Amino acid sequence: MDIRHLRYFLAIAEAPSISAAAQAIGVAQPSLSQHLHRMEAELAVKLVERSARGTQLTDEGRILVEHAREICGSLERCIADMRELGGGIRGRVGFGMPPSCSMIMSVPLAETVRLELPGVRLRAVETMSGYLKAWLLDGTVDIAFLYDLKDMPGAISTHVLNEELFFYSAPDAWPLGTPPGAPVPLAALQGLEMILPSAGLRSLIEDFCASNDVRLNVVIEMDAMTQIKELVARGSGYTIFAPVAAQDFVKRGELLRAPIVQPTMTRPVHLVRSPVGVTTRACRAVETATLDVARELVRRGIWEGVLV
């Protein structure tokens, strides 16, 4: 049994019948049937059941499909890596970004990659930071921005910058007896009705508050940054974000931001590489471009933070 047999078997598994599989891959039906019989004889198991309605995988066939997909996928990645090494920088790079990072980075990075790395196809994916770790660990994305490195064994990371986190309120719903926008002591957050995501930034905020003996009252969990901002702007609660996450609402006057003090709350931003598979030259080139763009945005004051 070789890679060709596995590919033929995948075609059979994905088609409703042997004849449909043969037509899809351009092989005569008798020949494809013979390949299947040889595989079953070699493995001493029945892989496919045939009926008037077509073909159906046996339990053994379903197990073989999983192995075949993994083996064929590994070979295809190997071939792509070898071709890349033999020529210029080219290939696909999946980049996962939390919404706040995506707001500030995705457009300038896409423009930079298109101009400076024309052979690279950047696929930027935006999601809440709590989901990005799993995507890095299973290879769904090649690189990502993360705010903490817990549970990331084997991942290579670069600490890019530190961001200060701010308290956000609707302008007409300021909850404290101080001028709106005045610095907010961390202890004053206790008891306020907070709206936060379920993970990622939420974990960082709660860990920081717990280490300072402050317990937050989270009344709404929502893994959607825009909806959190809209809820806060409507006076339904308060939240904590980095400046880049809410600058659009602040600029329009829909949200009011205030620094958190005693102590100041900050978070790190890491650029993290997936530990799965081979790191391609395209991926390394996008990493370099990302660091250059991020540092330039910070220097110009567009991304509020302190470079590391």
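Which residues have the most contacts inside the largest nonpolar core? In this predicted model, they are Met105, Phe145, Phe167, Leu189, Ile205, Met265 and Trp303, within a core of 65 residues.

## Nonpolar cores

Helix α10, which spans residues 281-299, gives the most to this core, contributing ten residues. A second core, separate from the largest, has 21 residues, including Ala21, Met39, Val48 and Val65. In soluble globular proteins, nonpolar side chains tend to be buried together.

## Surroundings of Trp303

Beyond its neighbours within four places in sequence, Trp303 is in contact with a set of residues that includes Cys101, Ile104, Met105, Phe145, Leu161 and Glu163. Also among its contacts are Val244, Val269, Ala294, Leu297 and Val298. Trp303 forms one aromatic cluster together with Phe95 and Phe145.

## Aromatic pairs around Phe167

The structure holds five aromatic pairs. In one of them, Phe167 meets Trp174 edge-to-face, with 5.9 Å centre to centre and 80 degrees between the planes. Both Phe167 and Trp174 are buried.

Phe167 also pairs with Tyr238: the ring centres are 5.6 Å apart and the planes lie at 25 degrees, so this pair is stacked. Phe167 belongs to strand β7 (residues 166-169), whereas Tyr238 is in the loop between α8 (225-233) and β11 (239-241); the pair therefore ties together parts that are 71 residues apart in sequence. Phe167 has a relative accessible area of 0%, and Tyr238, also buried, has one of 13%.

## Charges over rings

Arg267 places its charged end over the ring of Tyr147, 3.5 Å from the ring centre. The charged end of Arg252 sits over the ring of Phe249, at 4.7 Å from its centre.

Notes
Residues are numbered from 1 along each chain as its sequence is written. This is a predicted model: local features need pLDDT of at least 70, side-chain atom pairs count only at pLDDT 80 or more; totals for chains, interfaces and linings use all residues. Side-chain values use heavy atoms; hydrogens and water are left out. A nonpolar core is a set of buried Ala, Val, Leu, Ile, Met, Phe, Trp, Tyr and Cys residues joined through side-chain atoms within 4.5 Å. Buried means under 20% relative accessible area, exposed over 50%, partly exposed in between (1.4 Å probe, protein chains only). Helices (H or I, at least four residues) and strands (E, at least two) are DSSP runs, numbered from the N terminus. Contact means heavy atoms within 4.5 Å. Rings of Phe, Tyr and Trp (its six-membered ring) pair if their centres lie within 6.5 Å; planes under 30 degrees apart count as stacked, over 60 as edge-to-face and the rest as tilted. A charge sits over a ring if NZ of Lys or CZ of Arg is within 6 Å of the ring centre and within 35 degrees of the ring normal.
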